[in-house]
Amino acid sequence: ELSMVPSRPMVSPTLSSPLGGSGAAPLEKDYHSLEYRLTHGHWRIFNSKSVFGNKVGESDASVLVFDKKSNVKAPPKLGKSKTYSMFDLIKYETQQLMGLIHPRILHMEHNLEETKDYFSFATEQIFGNLESIVSDDSLDRLEIKLGVLQIIDGMSYLHNSAKMLHGNLTPDAIYVTATKTWKIGGFSFAVNAKEPNCYPCYPWTKKLPPCLQPDLDFLAPENLAQGQTTVTSAADVFSLGVLICWIYAGGKRLIDAKNNLETYHIIVGQLDAALQCISNELGPNLKDSMAKVLSLDVEQRPTVQLLSLIKHFDDPCLSALRQLDDIAQVFDPSQKSHFLSQTLNAAIPHISETVWFNRVLPRFNEQLLELPEMYYSITKPLFHILEHCESHNIHKMKPWIRKLMEATTHNKLLRAFILENMSALFRRLSDEFVEDKCLDVIILSLKSEDTSLQTVHGLIIIQNLQSSAVRGLPHVAEYLPISFIIKKLLPTIMTLPPFLHENVPRQLDLLAALSALSDRCDVANIPQLFICISLCNSHHPVVVHAKSRIVQRLVMRDPNRLKDAQLFCIHLLNPLVTGLACKDLATFTCAHFDDILSSVRILLDVLEQRRYEMEDRVEHKQSNHHLGLNRLGNRRVSMSSTNLPRVMISAARPSFSSDSRKMSFLSADGRLEDRGSRRESRDSRGSLESDMSIRIGNGSDISDDSCFSSHSAKGRRQSWLDGYGHSVSLEQNTNGFLETTSRNLGDRNSMKQRNARASERRARTRSPNAELDPHREQPPARPNSFTNLGHNIVLTYRNLLYKDHT
């Protein structure tokens with residue numbers, strides 16, 4: 001008979017801080033540090049610490065307290081019912097709750113205790129009130145779907161396994177736990193089945209206070225039919241439908257009868273119109289289902305388990321979150337690992353950030369924190385969250401990332417993954433402990449010569465940690481401390497010859513890493529980098545091309561670092577020249593060949609400039625000429641790594657056609673182009689990179705014509721440094737081999753002397769003039785060593801004739 005007595009909350013208690021009163025504190029022997037959390041129904045809920053802990057000796061729990069001063073009794077005129085009160089409902093509710101064990105039912109940790117002032121019992125930690133959570137605009141729709149499905153799961157358990165009718169499924173009967181799981185409580189009016197799917201029901205009456213009866217607004221119509229003594233589980237389905245509508249409508253009641261039976265019957269007769277008012281919130285699929293769930297015809301209502309199969313809940317992300325909620329119930333490690341690394345990882349990008357931190361991470365903390373064997377499986381979801389979450393949420397990722405870094409010592413697959421995705425840790429996390437661990441992992445992996453063989457998801461994975469470390473270096477080079485690069489990283493790379501021996505892919509990976517590291521090396525450290533480049537000694541065309549790109553990157557970033565001519569000739573120029581002679585180069589694309597050839601020419605120009613500097617220094621010691629004249633005779637020019645000019649590079653070759661020269665242009669955007677009748681190689685594709693252009697400068701405003709000096713020879717290869725020297729002012733001063741002192745040019749005689757000496761030097765090192773295009777008008781070519789005699793004779797005759805005239 002106690003199940004007749006309703007359970008409705010009365011006026012909210014006024015106590016809002018730790019319990020007062022002279023009696024003993026509720027459950028003081030087992031729970032302490034009570035802190036008021038919220039009021040839910042007729043219970044005040046306190047956060048507390050339990051002495052029954054796991055690791056630290058205590059755990060979080062919630063203590064629910066009912067103040068006996070808030071008791072409500074039935075009116076005396078009801079006869080036997082006068083003994084009914086809130087006390088009876090509370091005792092019955094906790095008795096029912098204690099016998100129900102299910103993930104969707106509120107877990108009771110401590111039985112009901114009664115003191116002079118209170119009734120109290122303890123449960124798992126409760127986070128909040130369903131009403132306040134549903135009315136919060138920030139609640140994601142996916143979270144709402146998940147919560148509703150959790151209620152459906154709990155109701156399915158009650159009907160099919162526990163053979164119980166809840167009888168009062170209202171917002172006050174739903175608890176939201178600390179893990180944001182929606183769980184069912186409030187069993188004050190639950191009844192067990194007398195026969196299969198047949199439950200007793202009791203009339204709702206005006207004679208009892210509303211707080212001692214089920215909530216009329218959520219009650220099924222058949223409970224109020226005249227002479228009705230039993231109902232089926234369809235009564236709970238109706239209550240569930242009203243609750244779902246309340247949730248999707250943001251806390252607005254579909255039926256608001258205000259405890260008036262006449263009003264209730266009127267509204268129930270117009271439920272179709274009421275559903276239409278909230279159709280936008282429900283959506284078309286859910287609205288059609290709710291029309292059946294709220295039907296006055298009991299036979300048309302679907303069962304609870306069928307309700308979970310409607311199209312509204314057919315969502316891969318929702319399915320993944322449901323499986324994550326139940327991950328603790330999966331006992332097969334391979335099945336659990338496959339779900340985390342495949343199914344969940346595929347769903348994570350389509351789940352909102354709110355759900356990441358409200359659902360996913362709490363499940364990881366709850367179920368996987370103490371399972372190191374699952375760490376590798378959750379790295380992909382965790383790194384995706386870290387990569388894409390808002391900056392104010394990044395700190396929530398630190399505990400997990402630190403756990404992963406600590407586990408890399410023993411888990412080689414985890415270490416390999418982190419090596420290849422380490423850039424996210426440097427860019428996003430800003431954690432010194434993690435960064436130090438990353439540096440240790442890099443060195444440890446580069447020194448590791450073993451190849452790990454592990455089984456993941458039934459597949460055998462062969463993982464070489466050295467390869468993972470090398471492939472990850474280009475992505476983190478800009479974040480590595482320079483002291484670490486010079487003192488630890490480059491010396492460790494020097495130990496890799498066995499790893500690189502005759503393995504082209506590995507050598508390409510290392511060259512990509514060294515290319516990125518070259519940006520961090522200065523003049524003092526660049527020799528160490530050159531030696532590391534020489535470790536990649538394969539003559540395969542793609543390796544040669546990769547080295548040529550390193551040359552271009554060095555020049556583009558800071559050409560002043562190429563001070564040691566002997567060193568870069570041995571480690572850079574020599575491999576490129578040897579590569580050009582390789583037989584496999586015949587299968588190389590035109591763009592690749594042009595790339596390598598241009599890099600060779602650049603190095604030759606740098607080498608030539610070095611030679612002229614040396615000669616200038618010798619001449620400076622031996623000459624008594626004015627300093628300004630010496631400086632004007634110097635071919636050193638200033639080259640800015642951020643504003644390299646458009647230059648012409650011509651290579652002399654035998655004349656087989658009207659156009660006897662092969663012309664290469666480095667355009668303003670840094671792309672190597674062919675002019676005239678040269679072959680077109682723009683569409684060529686290489687095996688290393690799709691874009692084979694040479695990017696060694698950001699552009700120049702200098703036109704093509706500015707690259708032609710009236711004092712230049714058109715029939716031989718012109719130095720790109722020399723071309724630049726004629727197109728910019730000599731009023732620049734830089735350090736290193738490109739230094740030029742600014743001087744005021746006194747008169748044209750000094751310039752002529754300078755050009756004459758420069759011409760004589762170039763004539764000793766350049767190839768003869770090739771035949772020019774007869775159809776193209778060109779400025780007169782400067783005489784080279786083969787035409788000097790004829791040139792002088794012409795000048796002599798001209799002077800003699802001029803004197804005769806005069």
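**Exercise 1. Classify Glu-387 and its partner, then place the pair in the chain.**

Step 1. Glu-387 has a relative accessibility of 29%, so Glu-387 counts as partly exposed. The model is a predicted one.

Step 2. Arg-427 comes to 37% relative accessibility and is also partly exposed.

Step 3. The two side chains meet in a salt bridge, 2.8 Å from N to O. Glu-387 sits in helix α13 (residues 375-388) and Arg-427 in helix α16 (residues 423-429). The pair links distant parts of the chain, 40 residues apart.

**Exercise 2. Find what Glu-143 binds, and decide whether each partner is buried or exposed.**

Step 1. Glu-143 forms a salt bridge with Arg-359. Their closest N and O atoms are 3.9 Å apart. The cut-off is 4 Å, so the pair counts.

Step 2. Glu-143 lies in helix α3 (residues 141-160), Arg-359 in helix α12 (residues 353-368). The pair therefore ties together parts 216 residues apart in sequence.

Step 3. Buried means under 20% relative accessible area. Glu-143 has 4%, so Glu-143 is buried. Arg-359 has 2%, so Arg-359 is buried.

**Exercise 3. Compare the exposure of Arg-253 and Asp-217.**

Step 1. These residues form a salt bridge, with the closest N and O atoms 2.7 Å apart.

Step 2. Arg-253 is in the loop between α4 (234-248) and α5 (261-268). Asp-217 is in the loop between β11 (199-200) and β12 (230-231). The bridge thus ties together parts 36 residues apart in sequence.

Step 3. Arg-253 is partly exposed, at 36% relative accessible area. Asp-217 is buried, at 5%.

**Exercise 4. Count the salt bridges and name a network.**

Step 1. The count comes to 21 salt bridges.

Step 2. Some share partners: Arg-104, Asp-153, Arg-322 and Asp-326 are joined into one network this way.

**Exercise 5. Work out the order of the five-stranded sheet and what packs on it.**

Step 1. The sheet is open, and its order is β1-β2-β3-β5-β4. The pairing is antiparallel.

Step 2. Look for strands that pair on one side only: these edge strands are β1 (31-40) and β4 (108-114).

Step 3. On average, neighbouring strands are turned by 25° against each other, direction ignored.

Step 4. Take one pair. Strands β2 (residues 43-50) and β3 (residues 59-67) run antiparallel and are joined by seven bridges. Asn-47 has Ser-62 in β3 as its bridge partner.

Step 5. Add the helix. Helix α1 (residues 86-98) packs on the sheet and touches β2, β3, β4 and β5 (118-123). The direction of α1 makes about 155° with that of β4.

Conventions. Residues are numbered from 1 along each chain as its sequence is written. This is a predicted model: local features need pLDDT of at least 70, side-chain atom pairs count only at pLDDT 80 or more; totals for chains, interfaces and linings use all residues. Side-chain values use heavy atoms; hydrogens and water are left out. Helices (H or I, at least four residues) and strands (E, at least two) are DSSP runs, numbered from the N terminus. Buried means under 20% relative accessible area, exposed over 50%, partly exposed in between (1.4 Å probe, protein chains only). Two strands pair if DSSP finds at least two bridges between them. Axes are lines fitted to C-alpha atoms, for helices over the stretch in contact, and angles run from 0 to 180 degrees between N-to-C directions. Contact means heavy atoms within 4.5 Å.
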